[in-house]
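Colleague: Before we use this model for anything, I would like to go through its confidence, its helix packing and its sheet with you.

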Amino acid sequence: MQSRAWLQLFGLFLLLLFPPATGYTLQLFEGPVQFSRSDFSVEDQTIYITDTWKFQPGDNLQWADPEYDDNDWEKVSTYLGPSELPFIEWEGIGWFRLHLQVDSTLVNYPLALLIEQHNGASQIYLDGELIYDLGEVSIFEEDFVPYRDSRPRPIRFTDTTEHVLAVRYANHKAAQFNEYGFTAGFRFLIGDLNYHIQNRIDEVETTPLNLMFYGGGLLAFTIIHFLLFVFYPMEKRNLYFALFTGLLALISYTELGTSFSDSPMLAISYYRSTLIAWILTIIYALRFTYSLFFDKTPYQFWVFAVAGVGLAVATWFNADGLNFYRELFLLLTIIEILRVLLFSFTKKKEGVWIIAVGLVFFVMGILFTILANMEMIPSGSINGNLVGSVVLIFSMSIYLSRDFARTQKRLEHKLVEVKHLSERSLEQERINKQKELERKLLAAENERKTKELEEARALQLSMLPKQLPNNDYWDISVFMETAHEVGGDYYDFSLSKNGTMTVALGDATGHGMKAGIMVATAKSYFHTLANEHENLEMIRRMSSGIKNMDLKLLYMSMMLLKCDRHNLRIASAGMPPSMLYRQKEQCVERITLKGMPLGSKPDYPYHERELSLSPGDTLLLMSDGLMELFNEDRELLGLDRIESVFKEAADSSASDILSQITRFADQWAGTSSQEDDMTILVMKAKESTTL
């Protein structure tokens, strides 16, 4: 949704001269869509399956059945754009089905379901099995909750037979989307899971930071020149320049909201705000240009201003429908700016060449971006819009600074005596103003970082299980407390179809954002492998995958349990010993399994131990944050004290055992601060009522 409206008319002309190469899309003919590993796009490891699916309005869960006869369903585009929606019986909810068939190269290959667009709510079924929920699907508008998310989701095909991908899709505001000029549906692609997970991690790491850095630089220019205007209101050029850079900063933040908002309507609002900000930006760029070379504002400016404001208001109600008029307005405004510069050249205005250089680079940057988007020239990692904007802003700032410096020199000759008398006081005042400016910038930066950490913490907590498994054989209770905003501990559960429960408890090295990334990676691997592989194979695959990610000194300790009723198989990769209380013998056994953390040595000879528990026996798992907890005298809590408390409480329920251990840990720590994340998991074998 990034606005490139400046010179898209140039792009239309260039498209006529040099038609770009089109991507290969697997089209839907009669029979299933067939694809293999050779269909992956070299550039982005993606298979562009068709957006034309079979469609049936209404709601019937039997339509998820792969054996259901859908031959009489009509074929429509899943985009649900203005060209499709009026011609189908859309009542807010409907089903889409696509028949797929992979060859042997993609059987059990880690694939990803890529969500290119999703402006409603959906339930996704593969061969009749619900695999993903996106939002809240309902036939009632008041219960419908749309969701927008571009994270890759694992999908696996286990054989070469025909498969059916069915989507139960709802959008009760589809007409409103179309009225705004947007499509109301979805678009799914298929990609390489590992590639797109890494690509998503890179995007989450770099894109917000780049936009925030760019926006922060613009905001700094805005604050500086606005303060210059406040201190010297007669120089209104600083105000116009501050408004120009401030609107550019707003664009960087609205584009960030457009890319990462999980609400489709909110993302559209961000997008419309971006378009409006572009219009206002070019208006103030024109106003700033006039202020440089004219003492009075020409009447042409008010024509452009009225037309621009009217176009901005209309854009809010019909964003995509006014593309041509916005492009025309922006092009005419740039032509007017060039005309003013040429006029100033003829009048030999001082310093006009500085602004001209910046504007030429700005136009060249936009042209470069257009050509790169049409794949007519290689773009590499260069962002033409960014480079052009930076040069333009610096040229404007240099011009103002140069003009200010020349004025200052003239004043220095006239006020040299006053300067000598007040030099010290003026210098101190300048330092104080600089410190105040730095303090405000630092406060804004601290507030931004605090907000980012809170968002990262909320994301990490959302990756933990929403509720504990309801199991006939186990009474389970878990406690987690992070030492920082974003922790590195992780626990999870997975139930297979045969009733086997897989339990994971992990601890990433370090804290903060990097540890949070490691936790997200481990969770993805866990849910991909838990029901397909045994403990040791899971550890080897997860360790190899993390090592291949090349996260430098980041590792992940992990303990895995496979629970078949009261029979356990336990394996560990660098985790502390676990404790097993035998109720019959009234004793505690320590289970120590040595192993290197995940990501260090995938070929390390890990070991697995099998245990058989009786009702009343209790298993205690923990991260090292518990046994390494310090008291006020800098003494470690240690395993012996934990074992003593565990043994005393072991005849209680799992939640009571956990409460007594955490209460003892709080008493031990006293007023000393927690230095490491702490996770405790208690599993108590109970009498099963299931035969």
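Modeller: Let us fix one term beforehand: contact means heavy atoms within 4.5 Å. Please also keep in mind that this is a predicted model.

Colleague: In which element of the chain is confidence lowest, and in which is it highest?
Modeller: Over the whole chain the mean pLDDT is 82, with 87% of the residues reaching 70 or more. pLDDT nevertheless stays under 50 over residues 1–24, a stretch for which the model has 46 contacts beyond four places in sequence. Confidence is lowest in helix α1 (residues 8–17), where the mean is 39, and highest, at 96, in strand β21 (residues 618–622).

Colleague: How are helix α5 and helix α6 oriented where they pack?
Modeller: Helix α5 covers residues 264–293 and helix α6 covers residues 299–317, and they pack with their axes 9 Å apart at an angle of about 175°. Because angles over 145 degrees count as such, α5 and α6 are roughly antiparallel.

Colleague: How many residues of the contact of α5 with α6 are nonpolar, how many polar and how many charged?
Modeller: On the α5 side the contact includes Ile 276, Ile 279, Ile 283 and Leu 286, and on the α6 side Phe 301, Phe 304, Val 309 and Leu 311 are among the residues involved. Arg 272 and Arg 287 of α5 also take part. The residues of this contact divide into 13 nonpolar, five polar and two charged.

Colleague: Is Leu 286 buried or exposed, and which residues does it touch?
Modeller: Leu 286 lies in helix α5 and has 0% relative accessibility, so it counts as buried. Leu 286 and Phe 304 are 18 residues apart in sequence, and their C-alpha atoms are 8.8 Å apart in space. Leaving aside residues up to four places away in sequence, Leu 286 touches Phe 301, Phe 304, Thr 333, Glu 336 and Ile 337.

Colleague: Which strands are the edge strands of the open sheet?
Modeller: Five strands form this open sheet with antiparallel pairing, in the order β13-β22-β21-β18-β19. An edge strand pairs on one side only, which is the case for β13 (474–481) and β19 (587–591).

Colleague: Which residue in β22 stands opposite Ile 476?
Modeller: Strand β22 spans residues 678–685 and runs antiparallel to β13, to which eight bridges join it. Within this pairing, the residue of β22 that stands opposite Ile 476 is Met 683.

Methods
Residues are numbered from 1 along each chain as its sequence is written. This is a predicted model: local features need pLDDT of at least 70, side-chain atom pairs count only at pLDDT 80 or more; totals for chains, interfaces and linings use all residues. Side-chain values use heavy atoms; hydrogens and water are left out. Two strands pair if DSSP finds at least two bridges between them. Helices (H or I, at least four residues) and strands (E, at least two) are DSSP runs, numbered from the N terminus. Axes are lines fitted to C-alpha atoms, for helices over the stretch in contact, and angles run from 0 to 180 degrees between N-to-C directions. Angles under 35 degrees count as roughly parallel, over 145 as roughly antiparallel, 65 to 115 as roughly perpendicular and the rest as oblique. Ala, Val, Leu, Ile, Met, Phe, Trp, Tyr, Cys and Pro count as nonpolar, Asp, Glu, Lys and Arg as charged, and the others, Gly among them, as polar. pLDDT is the predictor's confidence in each residue, from 0 to 100. Buried means under 20% relative accessible area, exposed over 50%, partly exposed in between (1.4 Å probe, protein chains only).
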